[in-house]
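Hi everyone, thanks for coming. I'd like to walk you through one structure today, going from its domains down to a few single residues. Let me put it on the screen.

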Amino acid sequence: MSQLHTPPVELDLPPSRSGSDLQHADDIYGKLWALANNLWWSWQPECDQLFRDIDPIRWRQLGHNPIALLREMTPERLADRAGELVLHSRINYAYRRLQEYLTSTQTWAATNSGVLGAKPVAYFSAEFGIHESVPIYSGGLGVLAGDHIKSASGLGVPLVGVGLYYSQGYFRQYLDDDGYQGEDYLETKIENLPMQDALDADGNPLTVSIDTRTGELLAKVWLMKVGRVRLYLLDCNIDGNKPEDRELTSRLYGGDERTRIRQELVLGVGGVKALAALGIDPGVYHLNEGHSAFGALQVVKQLMENDGMTFDDAVQQAARATCFTTHTPVPAGHDRFPPELVEEHLGPLRDSLGISEEELMALGRVDPDDVEETFCMTVIGFKMSRCANAVSNLHGIVSRRMWHSMWPDRPTNEVPIGHITNGVHVFSWLAVQMQKLYDKHFETDWKQRIQEPEAWQSIHAVDPGELWETHNALKNHLLSFVRRRISRQCRRRGEDDAVVEAARRMLDPRILTIGFGRRFATYKRANLLFGDLDRIAEIVSNADRPVQLIYAGKAHPKDEPGKRFIREIANMRHDPRFAGRVAFIEDYDINVCRHLIQGVDVWLNNPRRPLEASGTSGQKVVLNGGLNCSILDGWWGEAYNGVNGFAIGHGRSHVSDEITDRRDAEALYDTLENEVIPCFYDRDLDGLPKDWIKRMMHSISTLAWRFSSHRMVADYTSKSYVWAAGGVTCDMRYR
Ligand SMILES: *Cc1c(COP(=O)(O)O)cnc(C)c1O
């Protein structure tokens with residue numbers, strides 16, 4: 001029987017609150033405060049609606065941040081507001097549900113992960129995307145980590161998260177008059193985040209220190225509650241650090257190579273130290289991407305010091321308990337550091353391990369003897385784990401080929417890298433309206449069985465008209481959101497009233513709407529659709545069967561080609577052939593993503609195969625009835641079955657990128673013209689696109705369960721965690 005790591009039930013009141021003689025007001029305020037301080041609220045539609053109802057305008061202006069909202073109100077004013085809106089029973093109900101959730105022991109893991117026992121999985125990630133109001137993520141990797149811990153919470157898998165607290169997050173994107181991306185860095189108000197001091201064994205706020213050759217680095221440890229999971233975030237902005245080190249963790253993926261290795265030192269080594277100081281003894285370490293891989297060396301050090309092991313034995317022992325997930329075949333996605341930086345930062349730790357500089361460097365080299373090789377975080381990730389995986393079937397094949405040289409004696413298909421395909425957290429991405437539809441037609445316990453195929457089969461029994469109506473309500477909601485955002489963007493740039501007015505009237509709910517939202521990394525080819533301008537103009541402005549396009553996404557501040565893609569697309573609005581039919585929404589984040597994936601008819605995904613390791617945004621679309629139109633790369637390579645969406649091309653690669661891009665653009669136009677557009681506009685006597693709706697149903701029934709993060713975490717638990725916790729080589733090694 002596994003023991004859950006449930007946070008104690010508590011009513012932590014805001015520090016600034018002074019005593020009030022209004023007991024009732026305190027009760028309401030205290031319960032809302034408790035709800036706001038556990039991110040569980042963010043995947044409960046009732047809680048979201050509750051906070052929104054308190055003050056809809058401020059809710060939007062405050063970026064959907066319930067703590068910021070509550071801090072603006074006195075308990076008395078809140079009590080008045082609750083009285084006016086008759087919120088009491090809703091607040092009491094939500095609060096009671098949270099308490100029940102936190103104390104429940106009837107979970108999937110209770111019967112499926114007994115071996116994990118009281119020793120939790122420690123899940124390390126450089127970013128966590130949990131909600132738009134907690135900006136410590138940049139894109140897919142972070143959102144995946146957020147969805148992972150939410151599903152671990154839902155399944156009751158004992159797990160703690162470890163990450164960094166970035167006071168400025170990634171960046172806020174705006175486009176200038178020329179459509180060129182600018183970046184704003186805003187300091188997040190720490191008091192508006194659901195974080196509290198993590199306490200050490202003596203009950204004092206915890207700070208960890210990490211020794212380097214050039215001085216000590218300090219990091220404060222914060223605690224964030226995400227349902228049943230505790231997420232610990234390290235923050236260098238504290239007294240005692242040198243001024244430049246106080247800024248070390250201010251920005252995600254900012255700064256130079258030295259900043260990067262220092263951040264990774266804090267995450268990995270600092271993170272392992274923090275867990276020890278908190279009295280947490282993980283049974284498994286899960287390194288989500290190489291960023292945290294230095295942590296494995298700290299685990300080795302602890303084993304040598306506490307258990308008196310030799311270095312070699314401690315490495316074996318640490319590796320047995322470590323799972324490593326690699327996330328990309330793109331070379332730039334694998335951090336590499338020169339020996340000087342490694343020695344500066346790992347030198348003191350290396351001393352205590354009793355190994356030489358060359359021995360340490362060898363751990364980060366494919367060929368331990370090649371002194372030309374830099375130190376690669378992915379390589380040490382593989383070497384320090386006995387359980388490694390890629391994030392889709394195809395990515396597994398690509399990774400085994402890519403890292404074959406690490407296991408030169410084996411045939412490629414026996415390279416010990418398995419795969420567990422990514423998934424998304426259903427309750428974070430499913431629209432309320434769709435959830436209501438499922439509640440009405442699915443079996444009553446479907447929410448407890450979302451990772452099971454059977455739970456979703458009733459979608460085929462839903463009335464097609466009802467499904468179509470629900471989708472169209474969501475589509476209308478998206479279009480209003482886009483109009484609001486685009487007109488605001490035009491106003492901010494000081495454009496003419498006529499332009500702002502046109503933005504308020506752009507887009508048409510009757511038109512086939514295609515969405516594209518993700519990071520503007522060049523391999524994702526956001527501009528592929530514009531490769532032949534005349535052809536896409538004809539598609540968009542076709543008199544009978546037009547198409548409209550909604551884009552969003554950030555380019556990394558140093559990615560000039562990515563920024564040029566953004567400018568190219570954003571400026572399409574000046575071409576009369578695309579007027580009112582092409583939108584670029586600035587500042588892509590979880591909120592923009594949620595609107596897009598809940599409202600589009602079609603989600604376009606056209607990466608240069610096989611560079612998209614998985615992709616997850618299309619999985620979010622599935623839940624809400626949208627259809628994927630995608631290159632057969634990443635998750636879509638194993639998801640597409642001929643009737644649950646659309647495929648672009650046949651999954652072939654060509655000799656050069658230029659040829660591949662040209663062929664794929666051709667294939668994309670063909671798919672749109674011959675399949676997607678006719679299918680959408682082919683209506684029956686009731687005005688319903690029968691074949692389209694069938695595809696929606698196939699998409700939901702075949703994909704929703706399979707690409708859920710509940711399925712993913714269940715797979716990690718049974719294929720990796722229970723093996724690693726048992727101290728035996730896991731089966732992922734041999735798949
Ligand atoms: C889901 C998500 C992503 C991932 O998109 P991909 O399709 O995997 O590229 C990126 N950013 C945000 C904000 C997301 O919510």
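So, first the overall layout. The protein chain splits into domain 1 (20–103), domain 2 (108–422 + 714–724) and domain 3 (428–707). Please keep in mind that this is a predicted model.

I'll begin with the pair formed by domain 1 and domain 3. Their C-alpha centres are 34 Å apart. In terms of contacts, four residues of domain 1 touch five residues of domain 3. How much area is buried between domain 1 and domain 3? About 370 Å², with carbon and sulfur atoms giving 53% of that. On the domain 1 side, Pro 45, Arg 60 and His 64 provide 77% of the area buried against domain 3, more than any other three residues.

What about specific interactions here? Between domain 1 and domain 3 the count of salt bridges is zero. The count of residue pairs in polar contact across that interface is also zero, taking pairs with both residues at pLDDT 80 or more. As for the character of the domain 1 side that touches domain 3, its residues are two nonpolar, one polar and one charged.

Let me stay with His 64 for a moment. This residue sits in the loop between α3 (56–61) and α4 (66–71). Its phi is near 60°, a positive value in a residue other than glycine. For context, most residues other than glycine have a negative phi.

There is also a record to mention for this part of the chain. UniProt, in an unreviewed entry, places the feature "domain: DUF3417" at residues 31–133. In the model, that span is 58% helix and 4% strand, and its end C-alpha atoms lie 20 Å apart.

Now to salt bridges in general. How many does a search of the whole structure find? The answer is 51. One that I picked out joins the side chains of Lys 475 and Asp 601, at 2.6 Å from N to O. Lys 475 belongs to helix α19 (residues 464–492) and Asp 601 to the loop between α23 (590–599) and β18 (602–605), so this pair ties together parts 126 residues apart in sequence.

My last stop is a backbone detail. The peptide bond from Arg 609 to Pro 610 is cis, with omega near 5°. Pro 610 is in the loop between β18 and α24 (617–623). Thanks for listening!

Methods: Residues numbered from 1 in each chain as written. Predicted model: local features only at pLDDT ≥ 70, side-chain atom pairs only at ≥ 80, totals over all residues. Heavy atoms only, no water. Domains from an automatic or database assignment. Contact = heavy atoms within 4.5 Å. Buried area = accessible area lost by both parts, 1.4 Å probe. Salt bridge = Lys/Arg side-chain N within 4 Å of Asp/Glu carboxyl O. Polar contact = N/O pair within 3.5 Å; in protein donor to acceptor, adjacent residues only side chain to side chain. Nonpolar A, V, L, I, M, F, W, Y, C, P; charged D, E, K, R; others polar. UniProt positions renumbered as here; feature names shortened; annotations may be inferred. Helix = DSSP H or I, 4+ residues; strand = E, 2+ residues; numbered from the N terminus.
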